[in-house]
Amino acid sequence: MSAFRWLAERWVMGVALLVLGYLALPVLVVAALSFNRPSNRLSYDFAEFTLDNWRQPCATPEMCDAVLRSVQIGFVSTVVSTVLGTLMAFALVRHRFAGRSGTNLLVFLPMATPELVMGTSLLALFVSAGVPQGFWTVVVAHVMFCLSFVVVTVRARLAGMDRRLEEAAADLYAGPWQAFRLVTLPLVLPGIVAAALLAFSLSFDDFIVTNFNSGTTVTFPMYVWGAAQRGIPPQVNVVGTAMFAIALLLVLLTSVRKGTLLTHSVEEGPPVNNT
Amino acid sequence: MNGMVNESPGGDLRLDGLTKRFGRITAVDGLDLTVAQGSFFALLGPSGCGKTTTLRAVAGLEEPTSGRVLLGDRDITRLRPHRRPVNTVFQSYALFPHLNVHENVAFGLRRRGIRSVDAEVARMLALVRLDGFGPRRPAQLSGGQQQRVALARALINQPQVLLLDEPLGALDLKLRRQMQVELKRLQIEVGTTFVQVTHDQEEAMTMADTVAVMNAGRIEQLGGPADIYEYPATAFVANFLGQSNLLAAEAAGPAGSEVPVTAHGARFSVPADRARADRGAVHLGVRPEKLHLAGTDAGLPAGHQHVAGVVTDASYVGVSTQYLVRTAWGGELSAFVANSGLGGQLPIGASVVAHWDPRHAFLLPREPGHGDRAAGRLDAPVGAAP
Amino acid sequence: MTARGRHRLLPYLLLLPGVAWLLLFFAVPLLQLAAASLYDPGGSLSTGYAMTWAFGNYPDALRAYWPQFARSFMYAGAALALALLMGYPLAYAIARKAGRWKNLLLVAVVAPMFTSFLVRTLAWKTILSDNGWLVGLLRDVHLLGPDGRLLATPVSVVLGLTYNFLPFLVLPLYASLERLDPRLLEAAGDLYASPAQTFRRVTLPLSRPGLVAGTLLFFIPATGDYINAELLGTPNEYMIGNVIDSAFLVRLDYPQGAALSFLLMAAILAAVFGYLRRADPSQGVL
């Protein structure tokens with residue numbers, strides 16, 4: 001009976017750990033392959049251990065160019081979409097105005113539209129308008145689909161913020177600009193940073209929309225796609241592993257710094273608006 | 001900063017025809033009010049009565065639809081909140097979660113360009129008995145400690161008026177009692193005008209010098225806690241501040257120093273100086289603790305008036321026992337009998353005579369058609385039409 | 001007065017750049033695509049297209065590619081079923097069983113997405129490869145025949161789809177399970193519900209908002225995906241995305257590609273609205 005109960009209480013966790021394993025497996029494989037010396041160009045199997053790929057990540061210069069291009073596009077798209085999206089989020093949370101629900105719909109729709117449709121429709125627009133495709137058309141496209149995610153992320157943070165904090169600032173002699181700078185901004189900033197990181201990763205990783213609008217510009221996903229036909233240099237796995245490691249490190253560092261990596265089982269103090 | 005006039009001699013806070021409408025809803029309806037400098041003033045009323053809106057209009061967080069807010073001779077109606085010599089202790093405190101206690105308290109001083117704030121902050125923290133709590137974050141404090149930080153954060157600015165929005169609402173009962181005393185002590189110590197908004201009658205009565213009872217955007221009665229309690233102005237006040245037995249009665253004008261009334265076929269009278277109305281439809285009011293119960297009508301104290309009835313319910317609450325007495329006409333009266341003697345309790349079904357000293361009774365105007373209002377029904381909608 | 005007037009204009013000023021961007025690069029292109037889907041199919045990119053209101057493009061496209069259409073929905077549906085079977089226990093365990101490890105497990109769900117989508121998908125090529133340990137194992141236990149393979153089959157495509165979009169299902173599901181008041185579960189137990197009944201009568205209905213959101217976030221991109229079919233499958237596993245991709249980028253048949261895109265969007269919208277209507281909480285259990 002006790003064994004049965006033990007199992008009954010833990011099988012969900014068991015299944016969960018198996019699923020987490022399923023999610024982690026390809027990442028481990030990518031990490032392993034980054035130390036692989038493949039037997040031939042088209043092989044995806046592990047052949048021989050080597051550190052060469054990490055020593056010479058740019059052995060295939062086209063790949064490093066593509067990574068650089070992706071970083072540039074990601075950076076510009078992130079800055080533009082974060083600024084525009086944050087402004088929109090402020091308008092949507094802090095103001096009642098005619099056309100608010102229409103705006104909400106316009107923000108929601110891109111998230112519910114298949115990327116394929118967004119990609120092809122932008123292609124149709126650029127072609128019919130005679131716009132040559134390249135770096136900037138990709139940026140335009142990326143800002144477009146990142147925008148909604150930025151709005152949603154910042155809006156959630158802003159909506160969760162107690163309006164009385166700003167009133168308290170005004171009550172304590174802070175003018176509108178000071179109240180914004182000293183109270184609103186610091187409290188919303190984590191949301192804006194999260195939105196920017198999300199935008200960057202969406203942009204950096206996008207293939208489908210980019211594929212239709214890049215012209216001859218090659219981003220990292222475009223490069224991998226093309227190389228998949230011809231044979232993938234193992235350095236691709238170095239980039240994948242490095243991205244994973246950097247992102248994971250960022251997440252772990254911030255949560256360790258804020259002490260939120262391990263949730264406290266007993267909440268200390270009363271539930272106040274935590275940062 | 002230059003715009004701040006903190007050194008001016010201040011003066012009374014005056015509201016002059018203050019009105020605030022939200023769309024078609026009138027939250028505050030032509031309020032006229034004077035709060036004397038240095039007094040502890042309470043705006044008491046049920047939720048939605050407009051008391052918080054009034055407070056926010058004084059703070060500058062809500063722009064009145066019409067009317068004026070005056071501080072001494074100064075019209076501050078259109079002054080932005082950060083330019084008013086008024087500070088607020090917000091409901092649930094609104095402490096800045098990203099700043100520590102020290103920076104929270106120093107916030108107002110820094111905004112006014114004061115550089116060296118440390119000594120003043122330390123002095124304020126000592127005043128609210130939070131010495132050494134400066135480096136902590138608000139989330140690390142208990143509710144009572146947060147309350148005191150909010151108080152220090154407002155008081156450090158030496159406002160002419162301190163506004164408190166349900167300051168003790170988030171605290172548990174015991175802490176609330178403690179803080180009531182503490183707040184009163186602080187108010188006397190700093191001598192600032194305190195205007196407090198609360199829906200808790202006990203809180204208003206223990207702390208405030210003057211209480212304004214608000215209902216539906218208007219002030220129903222203004223005065224000292226005891227004056228209001230002993231001689232309420234309206235049926236709403238009679239049942240919002242404590243409880244009252246209100247009998248539907250008819251009056252036909254004063255006769256000498258008395259106002260005779262008829263209620264349910266019986267004749268009573270009330271001293272003329274305790275009649276808010278003396279003609280037509282009136283309520284005859286008696287507080288439950290002023291209603292005494294006796295076995296028979298023989299040997300009642302001289303001058304007492306009485307009604308016969310049957311005990312239908314008895315709740316023992318320690319200091320007193322609360323009885324419900326059903327009268328011959330089917331109404332129910334509530335009577336609180338102090339458990340001061342050795343006598344046992346009256347059994348349910350006992351025939352009793354409820355009697356009172358007419359000097360404790362009062363007459364209030366009654367809308368024709370409104371019947372009795374029994375006390376003892378805390379959940380009954382008070383002030384609303386039946 | 002001027003301050004007030006400015007205040008009323010402020011939201012529009014804040015919205016202007018973002019809304020303009022979305023209108024110009026999301027809404028207008030959709031109209032452009034709609035127009036392109038009605039162009040004369042006889043035209044070409046070099047000679048130009050004439051608007052002939054060629055509604056025939058739609059039935060033509062459907063006739064030519066209905067197997068890929070059907071396959072898209074079948075694969076996405078199968079992947080969704082698998083993802084629900086895996087994702088619900090995972091979300092439930094993180095939300096209700098993980099205790100202080102909650103945030104760490106959440107990181108473990110999101111972290112794989114930090115590796116590039118394409119690189120991760122290619123990793124499945126290694127895992128599922130004919131010489132890999134997985135295929136070897138399955139052959140040894142006779143789940144696969146001696147020549148049986150996983151790669152380049154519908155199985156690998158469905159597995160890839162499941163894998164790539166699983167976090168999108170898990171995260172909203174987790175959010176709604178996490179909000180669930182544990183006292184409700186205790187109350188159900190107090191009222192004689194067995195754990196299984198508590199799950200069916202309380203947990204499942206209350207997690208429905210997350211379930212609906214997660215299902216949509218999974219299903220929409222999975223149906224429109226063609227990377228998994230391309231990298232893990234063969235032309236026999238091609239989904240409609242592969243066809244649209246080649247119509248626009250290889251065959252340069254814009255009217256047909258546009259028509260197929262619109263058909264895909266219409267089909268997804270129909271499926272989504274049909275599903276939302278059925279999932280409406282007022283309509284009872286899922």
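Leaving aside its neighbours within four places in sequence, with which residues is C:Leu263 in contact? In this predicted model, the residues that C:Leu263 touches beyond that local stretch are C:Tyr58, C:Ala61 and C:Leu62. C:Leu263 itself is found in helix H12 of chain C, which covers residues 254–279. Is C:Leu263 buried or exposed? C:Leu263 counts as buried because it has 20 C-beta neighbours inside 10 Å, and 20 is the number from which a residue is called buried. A distance within the chain may help to place this residue: the C-alpha atom of C:Leu263 is separated by 43 Å from that of C:Lys97, a residue 166 positions away along the chain.

From this one residue the view can widen to the chain that holds it. Chain C is made of 12 helices and has zero strands, so that, read from the N terminus on, the order of its elements is α-α-α-α-α-α-α-α-α-α-α-α. One packing between two of these elements can be described in detail, namely that of helix H2 (residues 57–97) of chain C with helix H6 (residues 154–179) of chain C, whose axes lie 6 Å apart and meet at an angle of about 40°. The crossing in which H2(C) passes H6(C) is right-handed, and the residues in the contact of H2(C) with H6(C) are divided by class into 24 nonpolar, two polar and two charged.

Taken as a whole, the C-alpha atoms of chain C fill a box of roughly 80 × 75 × 35 Å along the principal axes. Its radius of gyration is 24 Å, whereas a compact globule of 286 residues would have one near 19 Å. Of the 286 residues of chain C, 44% count as buried, and among the contacts in chain C between residues at least 6 apart in sequence, 68% join residues at least 24 apart.

Chain A can be read in a similar way. What does the secondary structure of chain A comprise, in helices and strands? Chain A has 11 helices and zero strands, and from the N terminus on its elements follow the order α-α-α-α-α-α-α-α-α-α-α. The box that the C-alpha atoms of chain A fill, taken along the principal axes, is roughly 75 × 70 × 35 Å, and the radius of gyration of chain A is 23 Å, where a compact globule of 275 residues would have one near 19 Å. In chain A, 44% of the 275 residues count as buried, while residues 24 or more positions apart account for 75% of the contacts with a separation of 6 or more.

Chain B contains both kinds of element, with eight helices and 20 strands. The domain assignment of chain B gives domain 1, residues 13–226, and domain 2, residues 243–365, and the C-alpha centres of these two domains of chain B lie 40 Å apart. Along the principal axes, the C-alpha atoms of chain B fill a box of roughly 80 × 45 × 35 Å. Of its 386 residues, 43% count as buried, and 67% of the contacts in chain B between residues at least 6 apart in sequence join residues at least 24 apart.

It remains to see how the chains meet. Between which chains are the most contacts found, among the two pairs of chains that touch? The pair with the most contacts is that of chains A and C, where the contact takes 70 residues from chain C and 72 residues from chain A. On the side of chain C that touches chain A, the largest share, 18 residues, comes from helix H1 (residues 2–36) of chain C, and by class this side has 51 nonpolar, 14 polar and five charged residues.

The contact between chains B and A takes 23 residues from chain B and 21 residues from chain A. Strand E6 (86–89), helix H2 (101–111) and helix H4 (143–155) of chain B are the elements that give two or more residues to the side of chain B that touches chain A, and the largest share of that side, three residues, comes from H2(B). By class, the same side of chain B has 11 nonpolar, nine polar and three charged residues. Chain B and chain C, finally, are joined by no contact, and their closest C-alpha atoms lie 12 Å apart.

Terms used: Residues numbered from 1 in each chain as written. Chains lettered and ligands numbered in written order. Predicted model: local features only at pLDDT ≥ 70, side-chain atom pairs only at ≥ 80, totals over all residues. Contact = placed C-beta atoms within 7 Å. Helix = DSSP H or I, 4+ residues; strand = E, 2+ residues; numbered from the N terminus. Nonpolar A, V, L, I, M, F, W, Y, C, P; charged D, E, K, R; others polar. Domains from an automatic or database assignment. Rg over C-alpha atoms; globule rule 2.2 N^0.38 Å. Buried ≥ 20, exposed ≤ 12 C-beta atoms within 10 Å, placed from the backbone. Axes fitted to C-alpha atoms, helices over the stretch in contact; angles between N-to-C directions. Left-handed = near helix turned anticlockwise from the far one by under 90°.
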